[in-house]
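The following exchange is intended for a reader who meets this structure for the first time. Each answer sets a value beside the definition that gives the value its meaning.

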Amino acid sequence: MPCRSPELLAKYCDSLLKKSAKGASESEIDDKLARSITVFKYIDDKDVFQKFYSKTLAKRLIYGQSMSMDAEEAMINRLKQACGYEFTNKLHRMFTDINLSSDLNNKFSSYLKDKSEDVGINFSIYVLQACAWPLGQSNLTQFAIPQELEKSVQKFEAFYNHQYCGRKLTWVHHLCTAEMKLCYLKKPYVVTMGTFQMAVLLMFETTTNLSYKEIQENTTLNNDQLNRNLQSLVDMKLLLVSGELSSFSEDTVFSLNFEFSNKRTKFKITAVIQKESPQEVEQTRSSVDEDRKLYVQAAIVRIMKARKVLRHNTLIEEVINQSKSRFAPSIPMIKKCIEALIDKQYLERTTNSTDEYSYVA
């Protein structure tokens, strides 16, 4: 069973850096983060901590949940002091993207003003480098953008392609949030929700009842995503459902709840994506294993390029020394990486001994 200390320490840091860290002053939080770094220094699997920390940092930045950007930067600088620039390189780039996106939004507003265009809604974006953010392209869900958003998306793409030739934009809809004003109730409410939840509610502008099948045909969401987002709207009592509350079929009918009421006139429906699933944790661990293999292979190539010829045990010792600042590689893993590099013709066994390798230039 894998050691969970790095994962739990990253999640503890997340709880300290989130806005929800109640009842603690900035100096107390700073002190706890400093002590977390002390614990971090004793952890072998620092790369596992890095993976989980970057995922929680991404969510804090995207959803605006950071208690203080100064505290975030101070924590990254502490990690940099402990492990070097390479360890925190991607974390720094995430911060840069957030700052550049703010400037980009201002330029987009000026672009619309110059062209006398009005997209009809308040629209802001984050443009994030795919190589720096732990978002993954595999999680992208097929989704038909509501008509109300189409103009904004098209105008932004035209603006961005004019600004940066040759770059490709991929819209990560499941991480987007929207603010909607509900005007069909006894008093107006302003609700912050995910894009998929917004797309479902917008369909009720022209009708009060819709079947599961109709909603799916319009949004093109897969069953898993649609079920989770419909369930969240039913749980909030914004939608009423015919039949079972926990299992939906194609014939299930959803209707607007005109009797909905809430003490707050401004509230938030927690985005489904913000809750980390066991599958996500497993995916993170799998990606750590893949990264480790690449890291060890790169270390072997660097060592062999410098030394030209090395005996097996000496090579293993040098790989362990180069990797120990991030993780402790197992000897079987190093052996597999050596074999993989022999197959790729980076190395070869010397003719004198099967216990010795030479670098293939």
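Helices (H or I, at least four residues) and strands (E, at least two) are DSSP runs, numbered from the N terminus. This is a predicted model, in which local features need pLDDT of at least 70, side-chain atom pairs count only at pLDDT 80 or more, and totals for chains, interfaces and linings use all residues. Residues are numbered from 1 along each chain as its sequence is written, and side-chain values use heavy atoms, with hydrogens and water left out.

Q: What joins E1 to E2?
A: A hairpin of six residues makes the connection.

Q: How do you know that E1 and E2 pair?
A: Two strands pair if DSSP finds at least two bridges between them. Six bridges join E1 to E2, and the two run antiparallel. Within this pair, Glu-179 stands opposite Thr-192 in E2.

Q: In the sheet with the order E1-E2-E6, what is the pairing?
A: The pairing in this open sheet of three strands is mixed. Strand E1 (177–182) and strand E6 (266–268) are the edge strands, each pairing on one side only. Antiparallel bridges join E1 to E2, whereas strand E2 (residues 189–194) and E6 pair in the parallel sense over three bridges. Val-190 stands opposite Lys-266 in E6.

Q: Which side chains of E1 are buried?
A: Buried means under 20% relative accessible area, exposed over 50%, and partly exposed in between (1.4 Å probe, protein chains only). Ala-178, Met-180 and Leu-182 point to one face and are buried. Thr-177, Glu-179 and Lys-181 point to the other face and are not buried.

Q: Why is Cys-183 called exposed?
A: Its relative accessible area is 60%, and Cys-183 is therefore exposed.

Q: Why are E3 and E4 described as standing at the edges?
A: An open sheet of three strands has the order E3-E5-E4, with antiparallel pairing. Strand E3 (209–211) and strand E4 (239–241) each have a single partner strand, so one side of each is left without a neighbour in the sheet. Three bridges join E4 to strand E5 (residues 253–256), and Leu-239 stands opposite Leu-256 in E5.

Q: Which helix packs on the sheet, touching E3 and E5?
A: Helix H8 (residues 212–219) does so, and its direction makes about 80 degrees with that of E3. Helix H9 (residues 223–235) also packs on the sheet, touching E4 and E5, at about 105 degrees to E4. Axes are lines fitted to C-alpha atoms, for helices over the stretch in contact, and angles run from 0 to 180 degrees between N-to-C directions. Contact means heavy atoms within 4.5 Å.

Q: What makes a set of residues a nonpolar core?
A: Such a core is a set of buried Ala, Val, Leu, Ile, Met, Phe, Trp, Tyr and Cys residues joined through side-chain atoms within 4.5 Å. The largest has 34 residues, of which Val-200, Leu-201, Ile-215, Leu-230, Leu-239 and Phe-254 touch the most other members. H7 supplies the largest share of this core, six residues. A second, separate core of 33 residues includes Leu-9, Ala-10, Leu-33 and Tyr-53.

Q: Why does Cys-83 form no bond with Cys-13?
A: A disulfide is a pair of cysteine sulfur atoms within 2.5 Å. The sulfur of Cys-83 is 13 Å from that of Cys-13, the closest cysteine sulfur, and this is too far for a bond. By this rule the count comes to zero disulfides.
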